[in-house]
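Biologist: Please put the model up. I have some questions about burial and charge.

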Amino acid sequence: MSNDPLLQPFQLKHLTLRNRIMITSHEPAYPEDGMPKDRYRAYHVERARAGVALTMTAGSASVSRDSPPVFNNILAWKDEVVGWMKRLADECHDHGCAVMIQLTHLGRRTRWDKADWLPVVSPGHEREAAHRSFPKKMEDWDIARIIGDYVDAAERMKAAGLDGLELQAYGHLMDQFWSPLTNDLDNDYGGSLDNRLRFTFDILRGIRDRCGPDFIVGVRYTGDECLPGGFDAGDGLAISQKLKDSGLVDFLNVVRGHIDTDAGLTDVIPVQGMRNAPHLDFAGQIRRATNFPTFHAAKIPDVPTARHAIAAGLVDMVGMTRAHMADPHLVRKIIEGREDDIRPCVGANYCLDRIYQGGMAFCLHNAATGREETMPHAIPPAPTKKRVTIVGAGPAGMEAARVAAERGHAVTVFEAASQPGGQIRLTALQERRREMMAIIAWRQAMCDRHGVTFHFNTFAEADDVLATNPNEVIIATGGLPHTEVLAEGNDLVVSAWDILGGDAKPGSNVLVYDDAGDHAALQAADLIAATGARVEIVTPDRAFSPEVMAMNLVPYMRSLQARDTTFTVTWRLQSVMRDGNRLRATLGSDYGGVTRDRIVDQVVVNHGTRPLDTLYFDLKPLSSNEGEVDYEALTTGGLQAIRKNDGAFRLFRIGDAVAARNTHAAIYDALRLVKDI
């Protein structure tokens, strides 16, 4: 048996977990009609097959009709969930993986205008900032009804054959009872700490009475709200001890903080540029004080940190949830001694930010996650070996090269720059986002392992490509910033890329015009503001930086608000002209009829990119498919079979060489095309 601390089994009551790595409860928003159907099951089974000990499904599975999901959660209050959960559990069990689920009532953390338009409920009237609903203060019959709903949902999970469950108590109804900030009840469920915990223990007793003593039950909870007036670490320790002493729970799953605001949520679940494992020592304090099975997850992205968590006795089970989104085969690679092959989580948080905007969770640089039914995590060999030539070594080109090489093809890559990376290399110049380079570094390592030939410092032309005698040509040349968006003065502005790359020195009084809503404008503004300059960020959108999304926005705002920065929405930059030795920027409004002038010394424009596509169009008439893509085949997994002439090679283009999108789109373009070449 291995001496690796991570690979030691853990005995949880009667259940033997085969190692110390788990996937903590999270909702990837894959349910259909509130049910964990095929996509959902395939996602968990992929990770079970690869060796994870425990997969905790369904972050925030709803136990009550008046707890409508604000993203696509499992509806545990419906009887039909039993069959779907049984199929998931049975298949994971077949691969030796334990399965549990997280149950919750959202309380005030939802909206009244979702689903059945029922009132949001909480033990007080205070609304949650994130979801904005003013709750109904719970009556006695609400409390009794919801306790019963929890117990019914637990019984359904036992009937489905799950190994156990955990109750959610951070930001949701259960700990809304715990916190003095949200519990205004003057009955047996309000006032003292014991009274505020009564709701939780009533639920736990009900579950034990219905499901029996052997069904594993835990609580995932915050041990410290980190809020003035809320319960603190001392209260959290007391709560932890009371949970243990009750005899009603089998494990504690500890987090720290609050999630009622974007900033609070991001501190609980940190993004890139924030400290790794910030609450691990706190979880260790709880474990030492209680001497009770303790689980924890919060930005534990790498194996050494996880190994330390177990070896140092800080926790019994370590959660690597986003890490398993990046690489579902993480445990298998540890077992096989291939840790260097693990695709690293870069903390970009594209997964969580998407679900909080109503989308499915997708990993920024693993396009197969969430698409296990159609996209491979392990690339199969091709039946026929080909010569594949790729132009461009940004994320799209590097993914195309990796997949083609793993298919067994002979791959040649041309890149104009001296190193791979494209826009990601520019992004990673900012210290807070340097983790992004791992997207490229991992692919470079995989390409080197499979013998890909790179030609750097080569601005490839048609003859260079033809000289490789290719069967397949993939253009991944990306794009260049587009700043010609003004009626007058386009020659007087610089791009966000110019600022980030150092081609333009930051001014002292700068207007940053953001008409793309992505990271580039905020990164440029952050860099400029750090010099002590006055910065105004102007956007025609009614929402600020919509492509950056909520949790990724938090570090930017903390940095920019601490400096001389102004944020202006709903104004469109119309023109720029010289005004002495300064610039006059004229703003207009899509709502009509008004203009405003700004006198500044620099205008920075962020308006996305336009494709760098000259080479593509030079090669297009020489290719057998003339660049045409069969979209039906591309989206359904079929083979590209278009042939228009006797050209010697097929031609495709991917990523921003097609149109300005994002890193995930570029990587997905490459994977779904090249996996079938």
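The questions and answers below go through salt bridges and one helix.

Modeller: This is a predicted model, where local features need pLDDT of at least 70, side-chain atom pairs count only at pLDDT 80 or more, and totals for chains, interfaces and linings use all residues. Residues are numbered from 1 along each chain as its sequence is written, and side-chain values use heavy atoms, with hydrogens and water left out.

Biologist: How many salt bridges does a search of the whole structure find?

Modeller: A salt bridge needs a side-chain nitrogen of Lys or Arg within 4 Å of a carboxyl oxygen of Asp or Glu. Searching the whole structure on that basis gives 47.

Biologist: Is Asp66 buried or exposed?

Modeller: Asp66 pairs with Arg145 in a salt bridge, with closest N and O atoms 2.9 Å apart. Buried means under 20% relative accessible area, exposed over 50%, partly exposed in between (1.4 Å probe, protein chains only). Asp66 has a relative accessible area of 5%, so the residue is buried.

Biologist: Which strand holds Arg598, the partner of Glu536?

Modeller: Glu536 and Arg598 form a salt bridge, closest N to O 2.7 Å. Helices (H or I, at least four residues) and strands (E, at least two) are DSSP runs, numbered from the N terminus. Glu536 sits in strand 20, and 62 residues separate the pair; Arg598 is in strand 24.

Biologist: Within what arc do the buried residues of helix 9 fall?

Modeller: Those residues are Val303, Thr305, Ala306, Ala309 and Ile310. They line one face, because the arc seen down the helix axis is 165°.

Key: The arc is that of the directions from the helix axis to the C-beta atoms.
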